[in-house]
Amino acid sequence: MTTNTDTKVWIITGASSGLGLALAQAALDAGERVVGTARRAGRFDALAAAYPDRFVGVEHDVRDTEGAAAVVQRAVGEFGRVDVLVNNAGVGQVGAAEEVSDAALRDMLDQHLFGPAAFVRAVLPHLRGQGSGAIVQMSSQGGRMSFPAVGSYSAGKFALEGWSEALAGEVAPFGVRVLIVEPSRFRTGFNAADVLKTAAADASYEGVTRAVRANMAEADGIQEGDPVRAAAVIRDVLQRDDAPLRLPLGAEAVRNLTRVYRRALDDVEAWAPLSESADFPGVPAAVRAF
């Protein structure tokens, strides 16, 4: 077991490709140690050969919530501690509400909420005990906005963000930080035909979702986001004392979320008088703990 605490120990789910792989590679290049998960451990052969003393690959499906604790214990057993948990594993799904089955909708929640939650519960005793650490929740710009045909995917990411916002307040007194990352499109396998899940199309919605379905597929291989640069940005933000809770990642995410926030604020302000009229007249404002 390695017990050197001079370098960080990372757990990264979905570390065999995309942003997870970029983060793993960046950590290893910096001399840090990584436990990465993937559904097929063989995808880690190259990393394991290149970094035999600092990388451990574990076969794990993020939907296996009962197995999350064993991954955390493996990290502690191999390297003596955990400093950063990155909940990255997951896939996209395209389909209108009427096209996506209950099972497919639950799968999005399993991958993007329940799986990450299991890892957080497993790692928090270690982070609290050492009085430091970070939890990185890889969400999406689709975790703060949505549009036709991506509702099931956004459902998982919206849920992750709400859960993580509460989590951030719960763990801050213990020196543990939470960073919610909201990427736009990055050049990963996310949009690949054998990765992106697509519900069977209902002709009734063709005029609504056809363009979205085509755009999601056509983006494969031409996304503007660079995973290597993204990993560097995330590592940079984690070092900063003024790090935000939410980090839009990529120019498109900045543009889209700026527009969404402004439109939402405009709506709140425009409807404020009518909204406020729903209260009992003259009753003092509630005093809350938050």
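Trainee: Which residue in S2 does Ile12 stand opposite?

Mentor: This is a predicted model, and in it strand S1, residues 9-12, is joined by 4 bridges to strand S2, residues 33-38, with the two strands running parallel. Val9 of this pairing stands opposite Arg33 in S2. For Ile12, the residue opposite in S2 is Gly36.

Trainee: What is the handedness of the β-α-β crossover from S1 through H1 to S2?

Mentor: The chain leaves S1, passes through H1, which spans 18-29, and then enters S2. A further β-α-β unit, made by S2, helix H2 (residues 45-50) and S3, is right-handed. The crossover from S1 through H1 to S2 is likewise described as right-handed.

Trainee: Why is S2 described as largely enclosed by the rest of the structure?

Mentor: In a regular strand the side chains alternate between the two faces of the sheet. In S2, Arg33, Val35 and Thr37 point one way while Val34, Gly36 and Ala38 point the other way, and all are buried. S2 is therefore largely enclosed by the rest of the structure, since the buried residues number 6 of the 6.

Trainee: Which residue in S3 does Thr37 stand opposite?

Mentor: S2 also pairs with S3, in the parallel sense and over 5 bridges. Strand S3 (55-59) is one of the edge strands, pairing on one side only. Across this pairing, the residue that stands opposite Thr37 is Val58.

Trainee: What is the order of the strands in the open sheet of 7 strands?

Mentor: The edge strands are S3 and strand S9 (246-249), so named as each pairs on one side only. From one strand to the next, the twist averages 15°. With parallel pairing, the order is S3-S2-S1-S4-S6-S7-S9.

Trainee: At about what angle does helix H7 run to S7?

Mentor: Helix H7, residues 227-238, lies across several strands, including S1, strand S4 (84-87) and strand S7 (176-183). Helix H8, residues 251-276, lies across S7 and S9 and runs at about 125° to S9. For H7 relative to S7, the angle is about 150°.

Trainee: Which element gives the largest share of the largest nonpolar core?

Mentor: In soluble globular proteins, nonpolar side chains tend to be buried together. Here the largest nonpolar core has 30 residues, and Ile12 and Val34 are among those with the most contacts inside it; Ile12 touches residues including Leu23, Ala24, Val34 and Val86. Elements giving two or more residues to this core include S1, S2, S4 and H7, but the largest share, 6 residues, comes from H1.

Key. Residues numbered from 1 in each chain as written. Predicted model: local features only at pLDDT ≥ 70, side-chain atom pairs only at ≥ 80, totals over all residues. Heavy atoms only, no water. Pairing = 2+ DSSP bridges. Axes fitted to C-alpha atoms, helices over the stretch in contact; angles between N-to-C directions. Contact = heavy atoms within 4.5 Å. Core = buried A, V, L, I, M, F, W, Y, C linked by side-chain atoms within 4.5 Å. Buried < 20%, exposed > 50% of the residue type's maximum accessible area, 1.4 Å probe, protein only. Right-handed = clockwise from strand over helix to strand, strands pointing away. Lists of a residue's contacts leave out its neighbours within four places in sequence.
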